[in-house]
Amino acid sequence: MSSSTFKSNGVRDSKQKQGKICFVGAPAVGKTTLMKMLSQKMINKQYFPTQGFDLGSVSFNGFKLSMWDFGGQKAYLKHYLSQYIHGADLVFIVTDSTPKNVLTTKELVQHAQGLLPQDACRIIALANKQDLKGHMDPKRIKNILDIPTIGICAIEPEYRDELINAIGWCMEEIEKEKMNE
Ligand SMILES: Nc1nc2c(ncn2[C@@H]2O[C@H](COP(=O)(O)OP(=O)(O)OP(=O)(O)O)[C@@H](O)[C@H]2O)c(=O)[nH]1
Ligand SMILES: [Mg+2]
């Protein structure tokens, strides 16, 4: 994570901190929708599968973070994840909170843990689609996945603050650890 960047007028802003967030999960669990919600873009409820991967960014409280949205289809994940997940400060593993998907997600958590250095990156589960009938409780999902888990609904913009707070907290923790190294 570099500690400075340029403002739009070309003046160096030494206080703005950069970082990389990745969204990983099976197809249609809501990764692209979550990224749109974070960057306050209009949410189209139609499903357009992400081909390969997409990039975005989110700025808040002196942070400017790049966001990597990995298309959930197996061929894409296999091809792109191992190449582009490196250097992530925070990985969100997204599930649609159905029992079947939570089990698939457990495999993805283990895969991501194998690709990333444990001390340099946080992995957090987002238990999405909490508005849908039959969703699992985030606490149960946390017990199965064995990583911190946040219950969320990507199509409801009022969840944005909670997500921004979680991201801000993680980035501050990572900054502190880097300063202590
Ligand atoms: N009801 C409900 N629908 C959601 C929620 N989040 C996403 N969706 C819908 O689920 C569908 C898939 O969402 P996407 O964000 O495109 O899924 P994705 O994980 O990016 O899928 P891939 O790009 O194929 O990996 C879309 O129709 C969204 O509107 C949610 O919290 N609740
Ligand atoms: Mg997508």
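## Briefing: ligand shell, sheet and core

Around ligand 1, the shell residues comprise nine nonpolar, nine polar and four charged ones. The model described here is predicted. Its six-stranded sheet is open and mixed in pairing, and its largest nonpolar core has 37 residues.

**Ligand 1**
- The shell holds 22 residues, of which Gly30, Thr32, Thr33, Thr50 and Gly72 come nearest to ligand 1.
- Helix α1 is the element that gives the most to this shell, with three residues.

**The sheet**
- The strands follow the order β4-β5-β3-β6-β7-β8.
- Strands β4 (53-60) and β8 (149-151) form the edges, each pairing on one side only.
- On average, neighbouring strands are turned by 25° against each other, direction ignored.
- Three bridges join β7 and β8 in the parallel sense, and Leu126 stands opposite Ile150 in β8.

**Helices on the sheet**
- Helix α2 (residues 74-84) packs on the sheet and touches β3, β4 and β5; its direction makes about 150° with that of β5.
- Helix α4 lies across β6, β7 and β8 and runs at about 155° to β8.

**The nonpolar core**
- In soluble globular proteins, nonpolar side chains tend to be buried together.
- Within the largest nonpolar core, Phe23, Val24 and Val91 touch the most other members.
- Elements giving two or more residues to this core include the strands β3 (17-25) and β5 (63-70) and the helices α3 (99-115) and α5 (160-180).
- Strand β6 gives the most to this core, with five residues.
- Leaving aside residues up to four places away in sequence, Val91 touches Cys22, Val24, Ile85, Ala112, Leu116, Cys121 and Ile123.

Notes: Residues are numbered from 1 along each chain as its sequence is written. Chains are lettered from A and ligands numbered from 1 in the order in which they are written. This is a predicted model: local features need pLDDT of at least 70, side-chain atom pairs count only at pLDDT 80 or more; totals for chains, interfaces and linings use all residues. A nonpolar core is a set of buried Ala, Val, Leu, Ile, Met, Phe, Trp, Tyr and Cys residues joined through C-beta atoms within 7 Å. A residue is buried if 20 or more other C-beta atoms lie within 10 Å of its own, exposed if 12 or fewer, and partly exposed in between; C-beta atoms are placed from the backbone. Helices (H or I, at least four residues) and strands (E, at least two) are DSSP runs, numbered from the N terminus. Two residues are in contact if their C-beta atoms, placed from the backbone, lie within 7 Å. A residue is near a molecule or strand if its C-beta atom, placed from the backbone, lies within 6 Å of it. Ala, Val, Leu, Ile, Met, Phe, Trp, Tyr, Cys and Pro count as nonpolar, Asp, Glu, Lys and Arg as charged, and the others, Gly among them, as polar. Two strands pair if DSSP finds at least two bridges between them. Axes are lines fitted to C-alpha atoms, for helices over the stretch in contact, and angles run from 0 to 180 degrees between N-to-C directions.
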